[in-house]
Amino acid sequence: MFLWAGSKAAQGSGSERRTIYQKIREYDILEKRRTVTALKAGEDRAILLGLSMILCSAMMYFVLGITMVRSYSDSVWTEESNCTVLNSSVVTEINCSYSCGSECRRSSRYPCLQVYVSLDSTGKVQRLSYNEEAHEANPECFYIPKCRKEQTLMHTIVKNISERLKMHQQILCYYDPSEQQDGVLLTRLYGRGAIISSLLWPTCTLVGGTLIIAMVKLTQYLSFLCEQISRIKRMGLYSLRGASHSQVCTRKFNGGIQDGV
C-alpha cells in the first residue's frame, strides 16, 4: 500500500511539472512566433527598399548613358588649349521663329556674332562656337540666342557677349586633335566634372540599396546561427534535466519502499 501511494505521489508531481512546463513552452513558442513574424515583415520591407533603390539607380544609369555620357563620348573636341581672340563682330542677321501660342509661330531675326581665335598649341586660326549645340545649329555664329519678338533685346545680349570676348583676349577653348572639325568650342556641353557629378547620385543609390540587402541577409544568417546554438544548448539542458528528474523519482520511489517496509 505504501509502495502504491509513493509511486502515485511521484507520478502526480511529475505530471504537474510536465503540465506547467508545457504551458511555459507554449507561451514561449507563441511569443517567438510573434517576434519572428514582426521581424520577417520588417526584413521584407528592407529588402524591397533595397531592390527599389537598385532598380532606380539602374534606370538613372540608363538615362544618363543615352544622354550625357553618349554626348560626352561622341564629342570630338577633347583637347584643351589657350586661344587668342582675334576678331569678334556681328556680320549678319539670321531668320528664326518663336512660339506665340499653341498653334502660332512668328518670325524674327537674331544677329550672327562671328568670333575668330588663334590656337596657341597649333597657331591655326579657327572659328569659335559656344558649345556643341551652337556649332550644330549654325557653325557660322558663335552664340544663338533664344528667338524672341524683341529684336533689340537679342542685339543687346549678343553685343554684351562680344564686348566680354574683346576684354578677355586669352581664353580656354577646346579643339579637335584629329582636325575633323574646323571650329573650336568655348565650353563643352557636358564636361568631365558634369559627368562625374551626375553619376554620383545613382552610384550612391546603388551602393545604399546593396548595403541594405547585405545587412538584412547578414542579420538573417546571424539569427539562424543563434537559433542553432540555443537549440543545441536546450537539448543539452533537457537531457540533464531528464537525468536529474529520473534520479529524483528513483530516490522517492526507493524511499516509499523503505517506508512501507
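Good morning, colleagues. Strand S1, residues 79-101, pairs with strand S4, residues 170-175, in the antiparallel sense, and six bridges connect the two. One of the residue pairs can be named: Cys 83 has Ile 171, in S4, as its bridge partner. Please bear in mind that the model before you is a predicted one.

S1 has a further partner to consider. With strand S2, residues 104-119, S1 again pairs in the antiparallel sense, here over 16 bridges. Within this pairing, Asn 87 stands opposite Tyr 116 of S2. The connection from S1 to S2 is a hairpin of two residues.

Let me place these strands in the whole chain. The protein chain contains four helices and five strands. Their order along the sequence is α-β-β-β-α-α-β-β-α.

I turn now to the salt bridges. How many does the model contain? The count comes to two.

One of them brings together the side chains of Glu 93 and Arg 109, with a distance of 3.1 Å from N to O. This pair links distant parts of the chain, since Glu 93 belongs to strand S1 and Arg 109 to strand S2, 16 residues apart. Are these residues buried or exposed? Neither term applies: Glu 93 counts as partly exposed because its relative accessibility is 29%. Arg 109, at 31%, is likewise counted as partly exposed.

Another salt bridge is formed by the side chains of Arg 127 and Glu 140, at 3.3 Å from N to O. Arg 127 lies in strand S3, residues 125-129, while Glu 140 lies in the loop between helix H2, 132-137, and helix H3, 151-167; the pair therefore ties together parts that are 13 residues apart in sequence. As for exposure, Arg 127 has a relative accessible area of 23% and is therefore partly exposed. Glu 140 has a relative accessible area of 36%, so this residue is partly exposed as well.

Finally, some values for the chain as a whole. Of the 261 residues in the protein chain, 23% are buried. If we take contacts between residues at least 6 apart in sequence, 72% of them join residues at least 24 apart. The accessible surface of the chain comes to about 18,100 Å², and carbon and sulfur atoms account for 60% of that area.

To close, I return to strand S1, which pairs in the antiparallel sense with S4 and also with S2, and which contains Glu 93 of the salt bridge to Arg 109. Thank you for your attention.

Methods
Residues numbered from 1 in each chain as written. Predicted model: local features only at pLDDT ≥ 70, side-chain atom pairs only at ≥ 80, totals over all residues. Heavy atoms only, no water. Pairing = 2+ DSSP bridges. Salt bridge = Lys/Arg side-chain N within 4 Å of Asp/Glu carboxyl O. Buried < 20%, exposed > 50% of the residue type's maximum accessible area, 1.4 Å probe, protein only. Contact = heavy atoms within 4.5 Å. Areas by Shrake-Rupley, 256 points an atom, 1.4 Å probe, with all protein chains shown as cover.
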